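Please walk through this protein with the sequence and the 3D view side by side. The explanation begins at one residue, moves to its surroundings, and then turns to the whole chain.

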Amino acid sequence: MNTVNFISIPGSIAPEQEIVVYGRNRLTYGELNDLVARLTGVFKRQGLKPRDVLAILDTNSHLYIASYYAAAKAGLTFLPLNYRAKEPELEYMINTANARLLLVGDRYLDLVKRIHPKLNGVKCMAVGEGDGAIARLGDLAAKADPDEVEAEIEEQDVSVLMYTSGTTSLPKGVMLSFHDFTAYVTANVEMADGTERGVFLVCAPFYHIAGATAMMTNLWTGRKMVVMPQFDPANWLELVQREKVTHAFVVPTMMKQLLDHPAFAKTDFASLANLAYGGAPMPVAVIRRAIEAFPKNVGFVNAYGQTETTSSLTVLGPDDHRIEGTPEQIELKLKRLNSIGKPLPDVEVRVRDDDGKLIGAGQVGEIVIRTPRIMKGYAGRKDDAALADGWRATGDLGWLDEEGYIFFAGRKDDMIIRGGENIAPAEIETVLMSHPAVEEAAVIGEPSVEWGQTIKAFIVLREGQKTGAKDIQEFCRTRLASFKRPENIEFIAELPKNALGKILRKELHARQQADA
């Protein structure tokens, strides 16, 4: 199935239904399909042919959405670029993907001018107002005749080439096929039928899998999408109230900014039914605060997934976020707030040890998964995580409880080995963040002649709080085994993170090496 059908089929059912809102732009299915058809003609007239790569460097917009679906309709591969990436990373992604056409947002025009001499002959086109030097996408679309021809594609053709966030030395190009998105969307949401499905507020960037799947699932199911160019807490709160938002997704740093914003207490959340979060581990203190601060009509959902698996694998649903019942039930609910929930219907999850043997409940090992929507592969490199019989190693550590809830214990690559003992940073970080003066914490291993590695903690204090390393170590003494306690503690103003709030441990290691 060509993913352009995510809008063409619902559009044939309810062409007058308003489906995309971006600023003053409010598009019905019919108007969106018309814009997509015009952009399809624009891209073809630029000489693009099926399987050619169309790249975009911009923040979220209605034109971004239409460009993806036009690329799909023309049988192109869509390359959404991380606008927070460094210039050498952008050069690498554009050149290794062999992009033929690059759509550029206004704020990135100067950047593209700087790197253009190093790019392999890619044409450029302005998404916004432009600078007069290159053609404007909007102008060309306005003049173009709608092209209603849908390219013939193979299910395994690459629909989206999505590069990882660059927390490793070089980003990896994840090849997601038309089949991968079709399997994810059609298995997890119901197709639109013209009935009311609510309003989804999109603030995750479209270059991230959470943003990309948002513009597929919601348009397929008929839920109006209100699109933010980038997250801003004041604007988010305003839009929830004004547009009567029913569904939204945020990352942990966004959740905290919302709770801290002065306008939070004045916002009417009566319409908000479902607030999902993910992209990075959520501190329990933050989600507990959110549960207490938002009204009872808001149901929380924790979603865990990977780019390589076309988004979510597991969810912790609203019922598990309702901290009520008997003392025993409340204790169990609080424990499960640390989990990432249970697998979606099209996902199998197991845990294996270092020898590849499956292990039972309560034992920490690597999480392995099987689903029909695992990526086609990495562009230009081998997928070392592929296992026999359709299974895939996630690189994430965790364990299962007796009821099948999955608990995340950090990245396998982040595992600290001290004196032969394996230590998951997440376990130590959970303890550190339970200290009343600690806002955030991140733990890494630092080289040691005696122990192989010792434990170093980077700590961000809550505003107005003071404490010292000795106090933190004493706090850990009664809560962690001796070999898990941080030997070295450094207080910093903020932790380095990517756009989705994931801690960049590589930068912490670099900081530690510079100080050594």
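**From one serine to the whole chain**

Ser-311 is found in strand E14, which covers residues 311-316. The model is a predicted one, and in it Ser-311 has a positive phi of about 90° although it is not a glycine. Most residues other than glycine have a negative phi. Ser-311 counts as buried because its relative accessibility is 9%, and the cut-off for that class is under 20%.

The residue just before this strand, Thr-310, lies in the loop between E13 and E14. Thr-310 is buried too, with a relative accessible area of 0%. Leaving aside neighbours within four places in sequence, Thr-310 is in contact with Leu-176, Asp-180, Phe-181, Tyr-184, Ile-209, Thr-213 and Arg-373.

A second residue with a positive phi although it is not a glycine is Lys-244, where the angle is about 55°. Lys-244 lies in the loop between H9 and E11. Is Lys-244 buried or exposed? At 57% relative accessibility, Lys-244 counts as exposed, whereas Ser-311, as described above, counts as buried.

Ile-209, one of the contacts of Thr-310, leads on to Met-162, because Ile-209 is also among the residues that Met-162 touches, and contact here means heavy atoms within 4.5 Å. Met-162 has its place in strand E7, residues 158-163, and counts as buried at 1% relative accessibility. Not counting residues up to four places away in sequence, Met-162 touches Pro-80, Lys-172, Gly-173, Val-174, Phe-206, Tyr-207, His-208, Ile-209, Ala-212 and Thr-307. Sequence separation and spatial separation can be set beside each other for Met-162 and Asp-193, which are 31 residues apart in sequence and 31 Å apart in space, C-alpha to C-alpha.

The C-alpha atoms of Thr-40 and Ala-71 are likewise 31 residues apart along the chain, but they are separated by 6.6 Å. Thr-40 lies in helix H2, which runs over residues 29-45, and is buried with a relative accessible area of 0%. Once residues up to four places away in sequence are set aside, Thr-40 touches Ala-70, Lys-73, Ala-74 and Asp-147.

Another buried position is Ala-126, in strand E6, which spans residues 123-126; its relative accessibility is 0%. Apart from neighbours within four places in sequence, Ala-126 is in contact with Val-104, Ile-134, Ala-135, Arg-136 and Leu-137. The C-alpha atoms of Ala-126 and Tyr-108, 18 residues apart along the chain, are separated by 9.6 Å.

Two helices now show how burial is laid out over an element. In helix H10, residues 252-260, the buried residues are Pro-252, Met-254, Met-255, Leu-258 and Leu-259. Seen down the axis of H10, these buried residues fall within an arc of 160°, so they line one face of the helix. An α-helix has 3.6 residues a turn, so residues three or four places apart point the same way. What do the buried residues of H10 pack against? Their partners are helix H9 (233-242), strand E11 (247-250), strand E12 (274-278), helix H11 (284-293) and strand E13 (299-306).

Helix H13, residues 425-432, is mostly covered, with 6 of its 8 residues buried. The buried residues of H13 are Pro-425, Ala-426, Ile-428, Glu-429, Val-431 and Leu-432, a list in which a glutamate stands beside residues such as isoleucine, valine and leucine.

These elements belong to a protein with 15 helices and 25 strands. Its radius of gyration is 23 Å, close to the 24 Å that the globule rule gives for 516 residues, so the protein is as compact as a globular protein of that length. Taken along the principal axes, the C-alpha atoms fill a box of roughly 70 × 50 × 50 Å. Buried residues make up 56% of the 516 residues. Of the contacts with a separation of 6 or more, 68% are between residues 24 or more positions apart.

The surface and the charges complete the picture. The protein exposes about 22,500 Å², and carbon and sulfur atoms supply 49% of that area. There are 59 positive and 68 negative side chains, and the centres of the two sets lie 2 Å apart.

Technical notes:
Residues numbered from 1 in each chain as written. Predicted model: local features only at pLDDT ≥ 70, side-chain atom pairs only at ≥ 80, totals over all residues. Heavy atoms only, no water. Helix = DSSP H or I, 4+ residues; strand = E, 2+ residues; numbered from the N terminus. Rg over C-alpha atoms; globule rule 2.2 N^0.38 Å. Buried < 20%, exposed > 50% of the residue type's maximum accessible area, 1.4 Å probe, protein only. Areas by Shrake-Rupley, 256 points an atom, 1.4 Å probe, with all protein chains shown as cover. Lys, Arg positive; Asp, Glu negative; His and termini not counted. Charge placed at Lys NZ, Arg CZ, Asp CG, Glu CD. Arc of directions from axis to C-beta.
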